[in-house]
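Q: Hi! Could you walk me through the hollow spaces in this one?

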Amino acid sequence: MSAQGTPSAAATTAGIKATPKGAWTVTFLLFLFMVVNFADKIVVGLAGVPIMTDMKLDAEQFGLLGSSFFFLFSISAIVVGFIVNKVPTRWVLLTLAVIWALAQFPMVGTVSFTTLLICRIVLGAGEGPAFSVAAHAIYKWFPDEKRTLPTAILSQGSAFGVILAVPALNWVIVNHSWHYAFGALGIVGLMWVCAWLTFGKEGPLEDTQTLAANEPKIPYIQLLTSRTFLGCVIATFGAYWALSLGLTWFTPFIVKGLGFSQSQAGFVSILPWVFGATIVILTGWISQVMMARGYTTRISRGVLGSVPLILGGLILATMPHVTGAGLQIAALVVGSGLCGAIYVVCPPMLGEFTPASQRGAVIAIYGALYTLSGIIAPNVMGTVIQRAGNMVDGYLTGFTINAVVMVGSGVIGLLLLWPNTEKARLSRGAAPQGAPLKGAVSPT
């Protein structure tokens, strides 16, 4: 966002195409931030069978454990989202990472189910705001037309968090104990904290306090009821349903449903994330190329993000109708991996029409709403498996439900995502905050 007469406007007017020095260093650090974030998420699913065996948990209890991570996830995301409207993201990110690290260490020793549950709830509260705060931080380094690729790189942290962590953590689980896998993640989290203290900086393109005082404001009710905001929430809700099932239930399905060993499952479990990483990078690159060639953001972001979600759901729906572990894994890998496209395009779309001084809260609220599927999906899968006559049939029914959710949310996203017209409509009603500005004021 920019406003004539503000320091940030002067910087962007002088060279809107320029990327400040240090932008890619911060992007890389935030990529690592998301790597740690998703390694923390995946560990319970990866160690699902040993945890259920050691603690004598049934499918419904394990589903509750998977969902517990999201109990405070959304609330925390909203609260922190409003905080980063006024507080530098550098310190907020640091605080979140410290919480993640400390929440891992109680699991190193003997632990009760209650303690494990509480630690996962605390971890979820710390990780709830992670992506939205990181995206808000990156957008202080890149102008709008250059945000899709760094957003894609940031999103890649989720895939690489799994790709890098799964083999290492699974080795620890198989050769030592699932308890030590948690301790290893705590140490890695503290290492990132040290790196961020040394190299992390606040982006120079936006002065949050200046923007808060001078930038035109749009009422939150208008932002949060706009069709593009609703479309982003609904579309990503469906994608996150698949992601949360992958985090909690993919490895147990490979081991208990398809008969792979824990060691084999560790390698199979990275396949959706490898495929998803490819989709994320391709989406970011294609979107940026399309924008450079003059396509509207309705096409280069909205359609580009929604169509793969629909296709992924249709592919996932074939799982009960194919035979053989290989084909079922392929359908699960490709179907769930295609969801990654929507994560790349939604934050930049929201950034198109949201004033920069309100963007942290809006992206956080978006994240808080779509991640509610993380509470629902693991519990639904656990309940379906528990009540099914056959364990494999229970898994396949759960993945079919996932497919329906993906297709439905993708279709709604395709209908609602019109960020370019949203920007024009909302900017007409924007009113200056505080003292009126001289000259024209427009969000960019």
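A: Sure, starting with a term: on a 1 Å grid over the protein atoms alone, a cavity is a set of points where a 1.4 Å probe fits but cannot get out, and a pocket is an open set with protein on both sides within 12 Å along at least five of seven lines; lining residues have an atom within 4 Å of a point. This is a predicted model, where local features need pLDDT of at least 70, side-chain atom pairs count only at pLDDT 80 or more, and totals for chains, interfaces and linings use all residues. Residues are numbered from 1 along each chain as its sequence is written, and side-chain values use heavy atoms, without hydrogens and water.

Q: What volume does the largest pocket have?
A: About 270 Å³, counted as the space filled by probe spheres set on the points, with grid points joined across faces, edges and corners. Closest to its centre, among 15 lining residues, are V35, V36, A39, L185 and V188.

Q: Which element gives the largest share of that lining?
A: α9, with 6 residues. Helices here are DSSP runs (H or I, at least four residues), numbered from the N terminus.

Q: And how many cavities of 30 Å³ or more are there?
A: The search finds 3. The largest cavity holds about 540 Å³, and F38, S158, L243, W273 and Y343 lie nearest its centre, out of 38 lining residues. Helix α13 (residues 227-257) gives the most to this lining, 7 residues.

Q: What about the second largest cavity, what volume does that have?
A: About 80 Å³. Its lining includes K41, R120 and T248, and α2 supplies the largest share, 3 residues.

Notes:
Helix = DSSP H or I, 4+ residues; strand = E, 2+ residues; numbered from the N terminus.
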